[in-house]
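Student: Hi! I have a model open on my screen and would like to talk it through. Could you help me find my way around?

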Amino acid sequence: GAVQIAGAIPGRAYKLSSKARVITGYAPTLILEFLDARKNRIGNPIRDNDFGKKWETRSVEGTAPQGTAYARVSLYSPFIRGTVGRAEWDDVRLSME
């Protein structure tokens, strides 16, 4: 997986989008989280794991809650029942709407 943290502003809407495809195993997951100044998560992660074997663009959106200082982007391929998921990612973008 991969993780990136960027500054964020409370009350603003954010959109995380990416192209991805499954190589082997289970579908990869695109995750957007909001963090406070100490980098503790605020609220629940916003996620999408509906990628398939063909390249497709998926996105998640959320509004940064009060107390947000950062947004964390995670690209994750699961390890389930002994199977390591492998995926390719491209054009990952975090934008403030």
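**A first look around**

Tutor: Happy to. Let's begin with a loop: Lys39 sits between strand E3 (29-35) and strand E4 (41-48). Keep in mind that this is a predicted model.

Student: Okay, Lys39 then. What is its phi?

Tutor: Phi of Lys39 is near 70°, a positive value in a residue other than glycine. Most residues other than glycine have a negative phi.

Student: And how accessible is Lys39?

Tutor: Lys39 is partly exposed, at a relative accessible area of 42%.

Student: Which residue is another one with a positive phi?

Tutor: Asp91, with phi near 55°, and that residue is not a glycine either. Asp91 lies in a strand, E9, which covers residues 86-96. Its relative accessible area is 31%, so Asp91 counts as partly exposed.

Student: Let me zoom out. How many helices and strands are there?

Tutor: The protein chain has 0 helices and 9 strands. Along the sequence that reads β-β-β-β-β-β-β-β-β.

Student: What about the overall dimensions?

Tutor: The C-alpha trace spans about 40 × 25 × 15 Å along its principal axes. For 97 residues, a compact globule would have a radius of gyration near 13 Å, and the chain's value of 14 Å agrees with that.

Student: How much of the chain is buried?

Tutor: Buried residues make up 28% of the 97 residues. The chain exposes about 5800 Å², with carbon and sulfur atoms supplying 45% of that area.

Student: And the contacts, what share comes from residues 24 or more positions apart?

Tutor: Among contacts with a separation of 6 or more, 76% are between residues 24 or more positions apart.

Student: Switching to charges. How many salt bridges does a search of the whole structure find?

Tutor: The search finds 6 salt bridges. One of them joins the side chains of Arg21 and Glu88, at 2.7 Å from N to O. That pair links distant parts of the chain, with Arg21 in strand E2 (residues 13-24) and Glu88 in strand E9, 67 residues apart.

Student: Are those two side chains' residues buried or exposed, or something in between?

Tutor: In between. Arg21 is partly exposed at 25% relative accessible area, and Glu88 is partly exposed at 32%.

Student: Which residue does Glu33 meet in a salt bridge?

Tutor: Glu33 meets Arg72, with 2.9 Å from N to O. Here too distant parts of the chain are linked: Glu33 is in strand E3 and Arg72 is in strand E6 (residues 70-76), 39 residues apart. Glu33 has a relative accessible area of 7%, so this residue is buried.

Student: Which residues are linked in a network of salt bridges?

Tutor: Glu33, Arg41 and Arg72 are linked that way.

Student: Got another salt bridge for me to look at?

Tutor: Try Arg58 and Asp48, whose closest N and O atoms are 2.9 Å apart. Arg58 is in strand E5 (residues 56-63) and Asp48 in strand E4, 10 residues apart.

Student: Why does Asp48 count as buried?

Tutor: Because its relative accessibility is 9%, and buried means under 20%. Arg58, at 24%, is partly exposed.

Student: How are the charges spread over the chain, and how far apart are their mean positions?

Tutor: There are 15 positive and 10 negative charges, and their mean positions are 4 Å apart.

Student: New topic: where is Ser74, and what does it touch?

Tutor: Ser74 is in strand E6. Leaving out residues up to four places away in sequence, Ser74 touches Ala2, Val3, Thr29, Leu30, Ile31 and Glu33. You have met Glu33 already, as the salt-bridge partner of Arg72. Ser74 is buried, at 11% relative accessible area.

Student: Last one. Where is Trp55?

Tutor: Trp55 is in the loop between E4 and E5, and at 43% relative accessibility that tryptophan counts as partly exposed.

Student: Which residues is Trp55 in contact with?

Tutor: Not counting neighbours within four places in sequence, Trp55 is in contact with Lys19, Ala20, Arg21, Glu88, Trp89 and Asp90. Arg21 and Glu88 are also partners in a salt bridge.

Student: And how far is Trp55 from Ala13?

Tutor: Their C-alpha atoms are 26 Å apart in space, and the two are 42 residues apart in sequence.

How values were computed
Residues are numbered from 1 along each chain as its sequence is written. This is a predicted model: local features need pLDDT of at least 70, side-chain atom pairs count only at pLDDT 80 or more; totals for chains, interfaces and linings use all residues. Side-chain values use heavy atoms; hydrogens and water are left out. Helices (H or I, at least four residues) and strands (E, at least two) are DSSP runs, numbered from the N terminus. Buried means under 20% relative accessible area, exposed over 50%, partly exposed in between (1.4 Å probe, protein chains only). A salt bridge is a side-chain nitrogen of Lys or Arg within 4 Å of a carboxyl oxygen of Asp or Glu. Contact means heavy atoms within 4.5 Å. The radius of gyration is taken over C-alpha atoms; the globule rule is 2.2 Å times the number of residues to the power 0.38. Accessible areas come from the Shrake-Rupley method with a 1.4 Å probe; for residues, only the protein chains shown count as cover. Lys and Arg count as positive and Asp and Glu as negative; His and the chain ends are not counted. The place of a charge is taken as NZ of Lys, CZ of Arg, CG of Asp or CD of Glu.
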